[in-house]
Amino acid sequence: MSPGRPPSLDQVLARRAHASRATVVDVDEPRTKLVVAWLAREWLAFPGRQVREILPGTPAFFLPGCPPGLEGVINVRGDIEPVLCLRTLLHLPPPAPDEPSRILIGKGGSVQAGLRVDRVEEVMDVPDSALQPPPPTLPDPLRNWALSIFPFRNQGVLVLDIERLLGDYCSAHL
Amino acid sequence: MVPPDLGQESLPLVCFRAGGHLLAVEARHVVALGDSDDPTVPALAGRLGLPETHEDTPRLLAFRGADETPHWLAVGAPVRLEHWALTSIFPLPSLLAACLRVPGAVALALADQGACLILEPEGFLAPSSPSAGPGKERTP
């Protein structure tokens, strides 16, 4: 196209068509629902299919004989749910006193329990193509629990398998 | 959700303390209550793996063993017969049933002020011979 000469209508429409083709989103791409939580200055995610409910971080009723990480129980509309402190399970420092929290009711296999996190950041649908295998260099216990890693706000965020997490916890404290 | 058939019924529980925690057994498993400072009577807290706190007023409870003989164990006061609404009594969730380190724990009762583990005596009574009781005793 020579400078100074306006494009023809055909050229304009052709450019439009090209641009719209370039921005077409493949809506059929499979997506996975994730619950992104904030815990001790980092994000972690959980498969949405394993999270049954997100509750306020009410204190748990303490019970004697609880192994480390098991805070006690809470009453959820007439049902009892045990509550695990995810910070303890991941060997992270305990929260400051009176720090707000949330409890994710997670289910894995036949075991269901609450997981206490600092806060829930977002519930989002992530294209499966964005989920990559977790790095093999993860330390324990993350190595056993990580399903995948995906980019979130310019960071790599691990997706943890609640079923493996609860299964490992029960096995370790039988 | 609360099963509708629980209604307004209640379950008699003998509540006491051990290792500083509130615990209970079904009243039908308790045959006698006694006062004694006999140091030879074992403490229930020890049987449960809980720290043995030095109670100011230890009480003795005779639990009914599988052989129907009384097994005396020291517990912490107060010892009370309470009727708990069935709606406040829950089976142990599977994670607790798998992980809780208290022999004989079978259920829990939940009230506004806290949780109370409900024990089955067969879980913490040693299969050995029944222990001798205190000099004075009375049923609760």
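This report walks through a predicted model of two chains, A and B, and how they meet.

## How sure is the predictor?

Let's start with the scores. For the complex, the predictor gives an ipTM of 0.80 and a pTM of 0.82. Chain B has a mean pLDDT of 84, with 83% of its residues at 70 or more.

One stretch of chain B deserves a careful eye: over residues 135–140, pLDDT stays under 50. For that stretch the model has 15 contacts beyond four places in sequence.

## The sheet in chain A

Now look at chain A. Here 5 strands make an open sheet, and reading across it you get the order 3-6-7-5-4, with mixed pairing. Strand 3 (51–56) and strand 4 of chain A sit at the edges, so to speak: each of them pairs on one side only. On average, neighbouring strands of this sheet are turned by 30 degrees against each other, if you ignore direction.

Zoom in on strand 6 (residues 102–108) and strand 7 of chain A, which run antiparallel and are joined by 7 bridges. If you want a spot to find on screen, try G106(A), which stands opposite A113(A) in strand 7 of chain A. Helix 4 of chain A packs on the sheet, where it touches strand 5, strand 6 and strand 7 of chain A. The direction of helix 4 makes about 85 degrees with that of strand 6 of chain A.

## Strand pairs in chain B

Over in chain B, strand 5 (residues 70–85) pairs with strand 1 (residues 10–18) in the antiparallel sense, over 7 bridges. Within that pair, C15(B) stands opposite R80(B).

Strand 5 of chain B also pairs with strand 4 (residues 59–64) of chain B, again antiparallel, over 6 bridges. Here W72(B) in strand 5 is the bridge partner of A62(B). Strands 4 and 5 of chain B form a hairpin with 5 residues between them. In the turn you'll find E68(B), with a positive phi of about 70 degrees.

## Where the chains touch

Which residues build the contact? Chain A brings 24 residues and chain B brings 22 residues. On the chain A side, strand 4 (70–76), strand 5 (79–85), strand 7 (111–117) and helix 4 (162–172) each supply at least two residues. Sorted by class, that side of chain A has 14 nonpolar, 7 polar and 3 charged residues.

Some of these names should ring a bell: strand 4, strand 5 and strand 7 belong to the open sheet of chain A, and helix 4 packs on that sheet.

Terms used
Residues numbered from 1 in each chain as written. Chains lettered and ligands numbered in written order. Predicted model: local features only at pLDDT ≥ 70, side-chain atom pairs only at ≥ 80, totals over all residues. Contact = placed C-beta atoms within 7 Å. Helix = DSSP H or I, 4+ residues; strand = E, 2+ residues; numbered from the N terminus. Nonpolar A, V, L, I, M, F, W, Y, C, P; charged D, E, K, R; others polar. Pairing = 2+ DSSP bridges. Axes fitted to C-alpha atoms, helices over the stretch in contact; angles between N-to-C directions. pLDDT = per-residue confidence, 0-100.
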